[in-house]
Every structure is written in C-alpha cells, then in structure tokens.
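Q: I haven't looked at this one before. Can you walk me through where the ligand sits and what is around it?

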Amino acid sequence: MSGEHTLYLVATPIGHLDDIGLRAIDTLRSVTRIYVEDTRHSAGLLRHHDIDTPMTALHEHNERERAGEIAERIREHGDAALISDAGTPAISDPGYRLVRACIEAGVPVSAVPGASAVLAALIVSGLPTDRFEFAGFAPARTVARLGWYAALAGREHTVIAYESPHRIVDSLVDLVAAIGPDRQIAVARELTKRFETVQRGSAARVLERVSADRDQQRGEFVILIGGQASSGSMPGAIGEQALSVDTLLQALTPHLPPRTVARIVADLVGLPKRQVYARAIELSDRG
Ligand code: SAM
C-alpha cells in the first residue's frame, strides 16, 4: 500500500542500555528494516532487547547518496526505523537528509523520542534551562574553535556544545580564552554510564579540575556555557568587549600576522578593524 508506510526515528540509549522506551522496542521489532550507522555497534543493543529485525548501514558517507532510494523503498515495501549509534538520530548524527527525502517522497516521518546527550546534560548542569542553544560539535582546530567560542560568548542563554574525547582540555583552554575565566560553565561526562561526572563552576575552575585529573579527560563530553549576565555598557563598546578582544589577540598573535589577527578578531566581535589593530599594537608594546 503505497503512501502509508512510515519512517520512524527512534532514540536509543546514550550509555545505559536500559534507557530505551517500550514503544521504541515495539517499533524496532515491528518494522521491516532498521537503518543504523554501524551494524556491529547496533547489534549489541538489538540483541540485548531481543530484536531480530534486519539492519542496513546508513552513515554520514552514504546518506546523501542513498536517501532518495531508501525513501522510495519505505514507500513501496514497508515501515522502517532509523537509529544512530547513540541517542537521538539526526542530532549531530545522520538522519536529516533521509527525513528530507521522505518528506519529498510523501512518506510519513514519526518520532519515537528518548535519550539525547544535549538534554540530559542541560538538566543536570544547574545552568538556566528556560532558554538554550544547541551549537553542535566544537570545531576540531584551535583557531576555528577560538573564533567559534568567541562568537557564542555574548549569548544571554545557556549554550550547549558536543566535544570529542581527546580534545576536552584544549577545548576548555580555548573556551576560557574566549569567554573569560569567571563565566559559569558545566562539563557533563559519561552521562548514564558508570563514570558519570558533572563539573560545575567558573570556566577557570572547571578547566583546572579537568586538566588536573586524567580520568576526567576520558569518555564522552558535553560542554555547557552559562549566559552572559547583562551588562550596563553600550553594545559594541570596547569596554564591554575588552576581555575577549584581549584574550583573542593574545591567543592568535603568536600564530598569525598582526593584520590577519586584527581582521579575524574584528569580524568575530563586530568592532572596526582599525580599532582592534590599534589595540593589538598597544598590547604588544606593553610586552
Ligand atoms: N545523537 C546523539 C545525541 O542525541 O546525543 C549525539 C551523537 S554525537 C555523534 C556524539 C556526542 O554526543 C559525543 O561526542 C558527546 O559530545 C555527546 N554524548 C553522547 N553520549 C554521551 C554521554 N553518555 N555523555 C556525555 N556526552 C555524550
């Protein structure tokens, strides 16, 4: 029956294998096929819950190419589910392109919600939850990451970022440089797993605790940045921006020519290039 078959986006655990809803298990048992990022990885979860539905790999390298054909297949052959290695599909994981292809092909798309690291981290962070922004993964390279954090520094609401294992300390160093040492942040590690930890406090304090303890550098991380407290100064005034302009200049100057540094920092903070360049000279004269 064409037009009636559905793509179910099913959330799976972010650590603890029992963090999966009853409807998710029923759906994964009843669909004709489950699209997974990695068949070997998902086999463990499916076995744990007695699910023997056939799997097909759909990952970041083939999603674009296969999305249209899979949407057609669902339409013609029957309901399917999409899961990712962990958490909610399409959240920093494949899914968006398949969803678009299904919508375009007239295939209904339905969510079976559950775990996602972004919300789990937010609710335990102790930072305001009324308004927040999910910024995705922090960039891998330090110059890009500094700029990325600096661009988020002025947000009034909580900002949430994913960070890969192995980069947590470098990332926190850049974060402190971009937002200053005193902003309240949290780092949620290994949520729902045996070594779950949440570090909370000023950015400098959290960096100190994470960098002092190798165990705190292992596993999966979410970084949460508290919103900037509103200040009375004029938007764009050098006084308001002084900390991040100075820290950015100091961080970039050893790596790039002064005019390039001034152009990047001026773009990031929205100040005239001349003014930022003058500040860079002033700082270097001071030594
Ligand atoms: N789709 C997933 C979701 O809904 O959360 C996210 C997948 S993304 C490829 C993986 C990243 O999510 C990790 O690098 C980490 O930043 C975060 N993450 C996933 N599981 C986590 C956990 N148990 N504790 C902390 N962070 C986690």
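**Around the ligand**

A: Two strands stand out in the shell around the ligand: β7 and β10 each supply at least two of its residues. Keep in mind that this is a predicted model.

Q: How many residues surround the ligand, and which are the closest?
A: The ligand is surrounded by 19 residues, and D93, S116, A117, Y162 and F221 are the closest.

Q: And how does that shell divide into nonpolar, polar and charged?
A: The shell has 10 nonpolar residues, four polar and five charged.

Q: What lies 2.7 Å from an oxygen atom of the ligand?
A: That is a polar side-chain atom of S116.

Q: What about the nitrogen side of things?
A: Backbone atoms come in there. A polar backbone atom of L191 is 2.9 Å from a nitrogen atom of the ligand, and a polar backbone atom of A86 is 3.1 Å from a ligand nitrogen.

Q: How much of the ligand's accessible area does the protein cover?
A: On its own the ligand has 570 Å² of accessible area, and the protein covers 92% of that.

Q: Switching to pockets. Which space is taken by the ligand?
A: The ligand takes the space of the largest pocket. That pocket has a volume of about 500 Å³. Its lining has 23 residues, of which A86, A117, F137, Y162 and E220 are the closest to the pocket centre.

Q: Which elements give two or more residues to that lining?
A: They are β7, residues 158-163, and β10, residues 221-225.

Q: And the make-up of the pocket lining?
A: The lining of the largest pocket divides into 11 nonpolar, six polar and six charged residues.

Note on methods: Residues numbered from 1 in each chain as written. Predicted model: local features only at pLDDT ≥ 70, side-chain atom pairs only at ≥ 80, totals over all residues. Heavy atoms only, no water. 1 Å grid on protein atoms, 1.4 Å probe; cavity = no way out; pocket = protein on both sides within 12 Å on 5 of 7 lines; lining within 4 Å. Points joined across faces, edges and corners; volume = space filled by probe spheres on them. Helix = DSSP H or I, 4+ residues; strand = E, 2+ residues; numbered from the N terminus. Nonpolar A, V, L, I, M, F, W, Y, C, P; charged D, E, K, R; others polar. Near = heavy atom within 4 Å. Polar contact = N/O pair within 3.5 Å; in protein donor to acceptor, adjacent residues only side chain to side chain. Areas by Shrake-Rupley, 256 points an atom, 1.4 Å probe, with all protein chains shown as cover. Sits in = over half its atoms within 2 Å of the grid points.
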